[in-house]
Amino acid sequence: MGVELRQDLDMNDDGGYSDYDLALHVKDVLLSVSSGDVVSVENYRELVGRLYQPARHSPDDVAKLVASLKGLSGAASYIDSAVHVGLLNPLFEMSLWNYGPDVMDALIELIISLASSSGKYVDLCLAMLTRHFETPPRFLEKLKFPYGLTKKDQVLSRVHSALKDISEVVPLSPARMVTIVSDHLELYRQKRGTSTHGLVIFVENMLKLEGGALGEVVRVSMLTKVVELMLLLDVEMGSWDKVLQDHGIFQMELEDVDDFTEDFLNDGTEHAREATINGVTLKSLAEKLDTLIVLTFEHLESCEASGRLNEVFKTLLETFRNKVLTTCKSKFVQFVMFYACALDPVNCGEEFATNLVEIFVYDANLTSLRMRAVAYLASYLSRAMFMSASVVVQTLKRLVGWCFNFIKTKKGGVNPENNKLFYAACQAIMYLLCFRMRSLLDDPQSKSFLAGLPLESILSTQISPLKACVPSIVKEFLWQANSAGLITAEEFDFDDDLESEYSWVWGGKEELHKLFPFDPCLLRNSDRFIRPNFIYWSMVQRTYDDEDKEGSSDEDGDEAFAVDNEENVMDYEILQCLEEQQFGEVDNALNKMSITPKDSLHSRFGGAVNKPMRMPSRIRPSTSPESL
């Protein structure tokens with residue numbers, strides 16, 4: 001017995017039919033097509049044909065399409081993937097971008113019904129919806145205008161609403177969606193001609209998923225994928241270092257870099273022409289990365305405003321450790337962590353510093369990971385204006401304590417291979433004090449703490465960290481420490497070089513002796529967020545002064561600090577015990593300290609014995625160019 005068709009219902013008629021009538025009619029069409037009856041096949045072809053709409057459709061075409069989609073939605077459970085493949089293919093190829101609100105609503109309703117009716121359609125429905133994260137090229141230009149932005153909101157708001165509705169009826173769908181979005185992102189990134197704007201919209205939707213109703217399920221995956229994407233772009237810009245070195249960029253302060261970068265990337269020089277990677281210009285990569293980092297910064301701001309920053313930061317911290325910290329060529333992505341810490345210094349900022357310390361001191365970690373961690377730690381605390389002095393002091397206490405324990409068991413001369421971790425820690429201590437020594441000395445309690453550190457014992461040991469570390473850091477540190485009376489250096493004849501005969505050995509092929517990951521951020525738009533929270537070398541007041549040096553000697557500096565040294569230099573193990581008792585009181589005082597110290601030390605401490613070099617804002621042509 002065949003299926004009796006509802007011949008009384010003509011879908012070509014503009015007459016209004018109820019959704020129930022439409023669903024019954026479409027159900028009959030779907031069930032009868034397998035019979036091979038001529039009328040049944042023709043009705044089915046007519047139904048499928050409505051899904052193939054011309055580029056420009058009339059109001060009548062739109063009305064018929066809406067009726068068909070509503071009918072299909074009501075009869076979704078009768079759609080058979082084996083029988084109705086000719087219907088499903090054009091259906092999943094439809095794009096909300098091509099239609100108005102009526103068709104959008106009917107299509108979304110159908111997709112939700114399909115996903116709910118059978119598990120076999122869930123992946124297809126999720127893929128169809130998340131495909132809208134990729135904006136068709138012809139619409140990108142329209143997004144510059146209000147009507148284009150309205151269209152974007154109409155499409156993507158419906159997509160996210162549908163994803164939420166499907167997750168409520170298919171609880172496993174968010175896990176499947178993560179895989180689908182990740183695969184689609186990789187394909188889209190590799191697609192030739194993918195624009196910065198298009199990629200940003202895709203990532204914007206990923207972050208919207210993280211911050212939406214599905215956040216708890218997809219947060220880790222979405223944030224990790226976004227960081228991985230930025231890290232990939234970052235590493236692809238590997239030739240950036242060479243280009244900047246050739247132009248002497250590393251002698252510039254950030255104020256000089258803006259003009260240089262603009263001129264370089266837009267001129268016709270040989271370097272600019274050659275700065276391409278797989279056919280993609282360096283400028284294009286930098287633009288993509290800069291825009292994505294800014295988007296992430298703005299997302300972090302919204303997380304902070306909604307009280308979600310701490311939970312998001314935990315994911316970022318894990319991603320940083322597993323992805324960024326293990327990548328030696330990252331130049332920019334780490335500033336996502338820096339900005340998250342700036343938004344919440346007390347919780348996120350201190351937790352980041354503490355984690356880096358723990359990675360360094362934990363013996364089970366790989367040596368290279370520990371070396372990167374201590375380099376990140378020194379660079380972070382040197383540059384982060386928002387970090388309290390108490391955190392700096394606590395960090396110095398841990399690092400100096402580790403070094404002091406290390407030298408108790410080590411003998412012999414310079415050994416850059418066996419003592420690489422020690423040299424990395426010593427360089428981190430000296431680098432951090434180059435930036436923070438003067439501000440710490442402005443406070444009596446932190447000054448007392450510094451005076452009691454066994455710096456001279458550590459640095460004058462037979463394994464000679466002063467010979468093994470980067471000369472420019474050693475030289476600047478000795479100027480300041482000698483001027484402040486923290487150590488006594490009769491003479492120090494060091495070059496201003498970026499590596500010594502030993503530093504390149506312990507730094508290895510990854511050049512960890514040159515790793516200063518929080519050198520000034522050179523992506524211009526990202527820098528707008530970082531700059532207010534950042535300490536540039538030009539802002540640092542040192543313990544010596546050019547004018548004082550003209551009329552002062554080392555003896556003046558030593559005499560000014562003599563009383564403090566006599567009272568405070570003691571066995572370091574005793575000092576540690578005393579500090580544990582008094583640190584509660586010290587913290588409050590240190591938190592009030594100014595990053596930019598008063599001028600009082602200029603009159604109290606003498607100058608250094610040599611004319612100081614200009615401490616580069618990045619001691620290394622760093623792993624971080626200063627740029628766009």
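**Exercise 1. Work out how much surface the chain exposes, and what share of it carbon and sulfur atoms supply.**

Solution. Start with the total: the chain exposes about 26900 Å², by the Shrake-Rupley method with a 1.4 Å probe. Next, the atoms: carbon and sulfur supply 50% of that area. Keep in mind that this is a predicted model, where local features need pLDDT of at least 70, side-chain atom pairs count only at pLDDT 80 or more, and totals for chains, interfaces and linings use all residues. Residues are numbered from 1 along each chain as its sequence is written, and side-chain values use heavy atoms, with hydrogens and water left out.

**Exercise 2. Find the buried residues of helix α4 and what covers them.**

Solution. First, locate α4 at residues 85-93; helices here are DSSP runs (H or I, at least four residues), numbered from the N terminus. Then pick out its buried residues (under 20% relative accessible area, 1.4 Å probe, protein chains only): they are L87, L88, P90, L91 and F92. Finally, look at the cover, which includes α1 (19-32), α2 (38-49), α3 (59-74), α5 (101-117) and α6 (122-130). Zooming out, buried residues make up 55% of the 628 in the chain.

**Exercise 3. Sort the lining of the largest cavity by residue type and by helix.**

Solution. A cavity is a set of points on a 1 Å grid over the protein atoms alone where a 1.4 Å probe fits but cannot get out, and lining residues have an atom within 4 Å of a point. By type, the lining splits into eleven nonpolar, three polar and no charged residues. By helix, α19 gives the largest share, five residues. Both α19 (367-383) and α21 (420-441) supply at least two.

Methods. Ala, Val, Leu, Ile, Met, Phe, Trp, Tyr, Cys and Pro count as nonpolar, Asp, Glu, Lys and Arg as charged, and the others, Gly among them, as polar. Buried means under 20% relative accessible area, exposed over 50%, partly exposed in between (1.4 Å probe, protein chains only). Contact means heavy atoms within 4.5 Å.
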